[in-house]
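Grab a pencil and work through these exercises with the model open beside you. Each one sets a task and then walks through a solution.

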Amino acid sequence: MRRILAILMENEPGSLSRIVGLFSQRAFNIESLTVAPTDDNSLSRMTIATKGDDKVLEQIVKQVNKLIDVIKITDITDRKHIERELLLVKVTAMNDKSRTEVTRITDIFRGNIIDIGKHVYTVQLTGDAEKLNAFINALQNETEIIESARSGCVGMARGDQALRI
Amino acid sequence: MTTELFTGAEMVVKSLSALKVKYIFGYPGGSVLDIYDAIFQQDEIEHILVRHEQAATHMADGYTRATGEVGVVLATSGPGATNCVTGIATAYMDSIPMVVLAGQVATSLIGNDAFQETDIVGCTRPIIKHSFSCRSLADIPVAISKAFYIASTGRPGPVVVELPKDILIPQNKGPFNIETDIKIRSYNPNIKGHPKQIKKAAQTISNAKRLVVYSGGGIVLSDASELLTKLVETLKAPITNTLMGLGGISGTHKQFIGMLGMHGSLEANKSMANADVILALGARFDDRVTNNVEKFCPNATIVHVDIDPTSISKTINAHIPIVGLVDVVMQQLLDELTDINFSPDEAALSQWWQQINLWRNVKSISYEQDENEKIKPQRVVEALYKITEGDAYVCSDVGQHQMFAAQYYPFAKPRQWINSGGAGTMGFGLPAAMGVKLAFPDKHVICITGDGSIQMNIQELSTCSQYKLPVVIVTLNNRSLGMVRQWQDMVYGGRHSSSYMESLPDFVKVAEAYGHVGIQIDSLDELEEKLTQAFNIKDRLVFVDVMVDEKEHVYPMQIRTGAIDEMWLKKGVKS
Ligand SMILES: Cc1ncc(C[n+]2csc(CCOP(=O)(O)OP(=O)(O)O)c2C)c(N)n1
Ligand SMILES: [Mg+2]
C-alpha cells in the first residue's frame, strides 16, 4: 500500500544521503522524495512516498527514526492530511485547435499556462498525485507531451496536529 | 590574557585525553602525520602501531569487548581508511562502540580525486552508527566528543570521524573547548521500558507453563549478567544464550541449557520450539538462531526486550515488545514480579524440566575420540578449559574452531568470550586477542583459530613482538577451510572446491621468525603436556599448532529450511 511519510531532520550535510542510503541498503521502495529546509533553517523537512506492507512500513519508520539526524517521522497516510505535488508540463500547441484544448483542460483542472513558445505551451498544476495523473491523461488525448517534471509530493496533517520539535 | 591556541592535530589528541582514552590503535600516513606528531609530543595516550589497519580496528574492538571502554582507531586517508572497513563492519554487526579517526585530503582537494582520496564517509555509511565530516578546527572537539557519546550509548556501534589534512596542520590554530556532557536533540535513546509493557510481560511470564529465557549480546554489552542470573533464578526457568550472549550467565549454571541456533544444543533448540513463552533479552532473532522463520516457535508468546526498536519484530513478531536498556528493564521486571507476589507454577515447572532433561540426555554436544586416532578438535578445547581452569579470555576466529570453542568452553563470565558473531570475520581472532592482552596483561588470553583464519592477519605477530603481547595462539589445524569443507560435504556432494590449504606454512617457524615460541602437537598423548607447557611460558607469545582430524564436522547442526529444533545430531542422524 502507498504510504506518505513526513520526516523532520537536522539540516546538515550528509543527512539526505543517509536516508537515501538506508532505503537502498534495506531494499525499501521510494516512489518520490522531496526535501527542503523549513522555516527554522536548522531543520529539513522531507516527504517520502513509499510502498510496502505493514511489516515493511514498521521497519521503514523505525529504521529512519534510528538515524541520528532524524528528529521525528510520522506516517500521515491514515490521518486526515493534505498532499500536494507540482507538475510542469510542456505540450505541443501547434494550431488553434490544440491551443484551445490545452487551455480548456488547464482551466478545468485549475492549472496555469505559465510560458509559451513558438509551438509549445508550458503548464503548471498542483494537486495530489491522482489529479496530476488525470491531467496528464487528459492532455495526452488532445496533444503531445514534450516534457514533464513532477516535484514528488509534500504532505502535512490537517488541523491542529503538527510535526515540529 | 590571550587564550592559548592549538592546531587541529593537537585538538584531536587533547579531545581524546579529555575523554580518558588510553590507547589509539593505528597506522600513519600523509594525511594524519600532524596527529602522529602531536601524539609523539605527549605521554597520556599510547599509540599501538599495528601492521595492517584492519588489525587496528579488530584490536580496538577486542580491547572494547573485554573492557567496555570505547576503542579508538586512527588511519590515514584512502587505503588506510578503506583497510578499516571490514573491522568497522565487524564492530557494527556486534554493536561494539568504536571511534575511527580517518584522515582525509585537504578540504580544497575533496572531490578532485586527489592522491589518497577516498570518500570514507560514503564507503562506511551502511556499516556505522553515525559519522562526522570535520571541515573546520572548531568541528574537531565537537565531533570527537559526540562520536564517543553516540558510539557508547543506546545500541552501541562504530562512528567515523573524517579529518581533512588542512585543519590539522600547524599553520591553522584555534582555541580549544570541549564539552563532554553531550546532548543531541535528535538522539534520545530509550532507557526505561514502558510500565504497561512491563506489567503485561510479568503477567505473561507468571502464567507460563513452559518458559524459556533467551538472552544475547545485549546482556554482555550492558554488563547485566548478575541481574540476568537473579532474574533467571527467580523464574527457575531454563536459559539459553546466543553465540554473542555466552557468558551472560555462567556456562555451568544448572539452569543453563547451552547455546541455541545453528550449532546450538538440542535441548536449547527443543526448549525454544516447545516453549509457551519466550523471554528474549538483548537478542535479535538472527537467522543463525531462528532457522526457517515460517516454522519458528509457533506456540510461543514472545516478550522481546531490546534497546533498538528496529530489532523488535524485524524477523519474528513480538507479542510484547519492550524498548529499553536490558539491565534497566530486567530490574523493572524483577520489581514487578515482587509486586505481584510471583511464584512459579511448580508443577508445570517440574514437568517442563523433566522434558528438558530428556533432551539433555541425548548429549547432543558430544564427540568420539579414539585414543589411537588423530586429535579431535573438540578435545583441544576441552583441554584448554581444563588447563586454564575456565578462567581465560577466549578470542576466536571464524570457522569450525569457533563453534567448537563456543560449545566446549563453558564461559563463567561475560566478556570472556570474544568472537565475530554477526559479521563472521576471519582474521578477527589474533588482533582481538592482542587488544584483550593489552588490557589484561596478567590474564590468560587465548586465540583459538584455524589454519585459514590465522593467515588473514598473521602479520600482527610482529606487533605482538613490539608491544610484548604474550597471547597463546592455538590453531586447530585441519589443513582446510573446515567450515567450508563441511558444507561441501553436506550440501555439495563432497566436492571440495577451493577449501584446501595446500601450501600451509610451517607455523612453528613462522612464529619463531617473529621472535616467538612455536610448538607443534601431532598426537593425543602429547596434547595436554605441551599445552600446559605453552601456558607456563608467561613472557612470550606461544603459537601452538595442533594437528586435528580434518574430517571432523561440527554437530549438532540445524537442517536448512527446517524449524529451529530440526537438527543433524551426527552424520545421517536427525533429531
Ligand atoms: C573474511 C572471510 N572470508 C571468508 C569467510 C567464509 N568462511 C567461513 S569459515 C571459513 C573457513 C575457515 O577456515 P579455518 O580458519 O581454517 O577454520 P576451520 O573451519 O577449518 O576451523 C571460511 C572461508 C569468512 N567467514 N570470512
Ligand atoms: Mg582450518
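## Exercise 1: Where the two chains meet

A:Glu10 forms a salt bridge with B:Arg185, with the closest N and O atoms 2.6 Å apart; a salt bridge here is a side-chain nitrogen of Lys or Arg within 4 Å of a carboxyl oxygen of Asp or Glu. Before going on, note that this is a predicted model, where local features need pLDDT of at least 70 and side-chain atom pairs count only at pLDDT 80 or more, while totals for chains, interfaces and linings use all residues. Residues are numbered from 1 along each chain as its sequence is written, chains are lettered from A and ligands numbered from 1 in the order in which they are written, and side-chain values use heavy atoms, with hydrogens and water left out.

**Task.** Starting from that pair, describe the interface of chain B and chain A: how many salt bridges does the rule find across it, and which three residues supply the most area on the chain B side?

**Solution.**

Step 1. Count the charged pairs: the rule finds two salt bridges across the interface of chain B and chain A. The side of chain B that touches chain A splits evenly into six nonpolar, six polar and six charged residues. (Ala, Val, Leu, Ile, Met, Phe, Trp, Tyr, Cys and Pro count as nonpolar, Asp, Glu, Lys and Arg as charged, and the others, Gly among them, as polar.)

Step 2. Add the polar contacts, and you get twelve residue pairs between chain B and chain A, both at pLDDT 80 or more. A polar contact is a pair of N or O atoms within 3.5 Å; within protein, one must be able to donate a hydrogen and the other to accept it, and residues adjacent in sequence count only if both atoms are side-chain atoms.

Step 3. Now the footprint: 18 residues of chain B are in contact (heavy atoms within 4.5 Å) with 18 residues of chain A. The two chains bury about 1,600 Å² between them, 46% of it on carbon and sulfur atoms. B:Arg185, B:Ser186 and B:Thr310 supply 38% of the area that chain B buries against chain A, more than any other three residues. Buried area is the accessible area (1.4 Å probe) that two parts lose on being put together, summed over both.

## Exercise 2: Inside chain A

**Task.** Which element gives the most residues to the side of domain 1 of chain A that touches domain 2 of chain A?

**Solution.**

Step 1. Set the bounds, which come from an automatic or database domain assignment: domain 1 of chain A is 2-78 and domain 2 is 82-156. Their C-alpha centres are 29 Å apart.

Step 2. Eight residues of domain 1 of chain A are in contact with eight of domain 2 of chain A, and the two domains bury about 610 Å², 55% of it on carbon and sulfur atoms.

Step 3. Look for the one salt bridge across this interface: A:Glu83 pairs with A:Arg2, the closest N and O atoms being 3.0 Å apart.

Step 4. Go through the elements that give two or more residues to the domain 1 side: β1 (2-10), β2 (32-37) and β3 (43-51) of chain A. β3(A) gives the most, with three residues. Helices (H or I, at least four residues) and strands (E, at least two) are DSSP runs, numbered from the N terminus.

## Exercise 3: Two domains of chain B

**Task.** Which residues form the salt bridge between B:Arg155 and its partner, and how far apart are the closest N and O atoms?

**Solution.**

Step 1. Split chain B into domain 1 (5-175), domain 2 (195-362) and domain 3 (377-554). The C-alpha centres of domains 1 and 2 of chain B lie 38 Å apart.

Step 2. Eight residues of domain 1 of chain B are in contact with six of domain 2 of chain B, burying about 580 Å², 61% of it on carbon and sulfur atoms.

Step 3. The partner is B:Asp308, and the closest N and O atoms of this salt bridge are 2.7 Å apart.

## Exercise 4: The magnesium ion

**Task.** Which protein atoms are donors of the magnesium ion (ligand 2)?

**Solution.**

Step 1. Donors are N, O and S atoms within 2.8 Å of the metal (3.2 Å for Na, K and Ca); water is not among the atoms, so sites may look incomplete.

Step 2. That picks out B:Asp451 (OD), B:Asn478 (OD1) and B:Ser480 (O), lying 2.1 to 2.3 Å from the ion. Their spacing along the chain is D-x26-N-x1-S.
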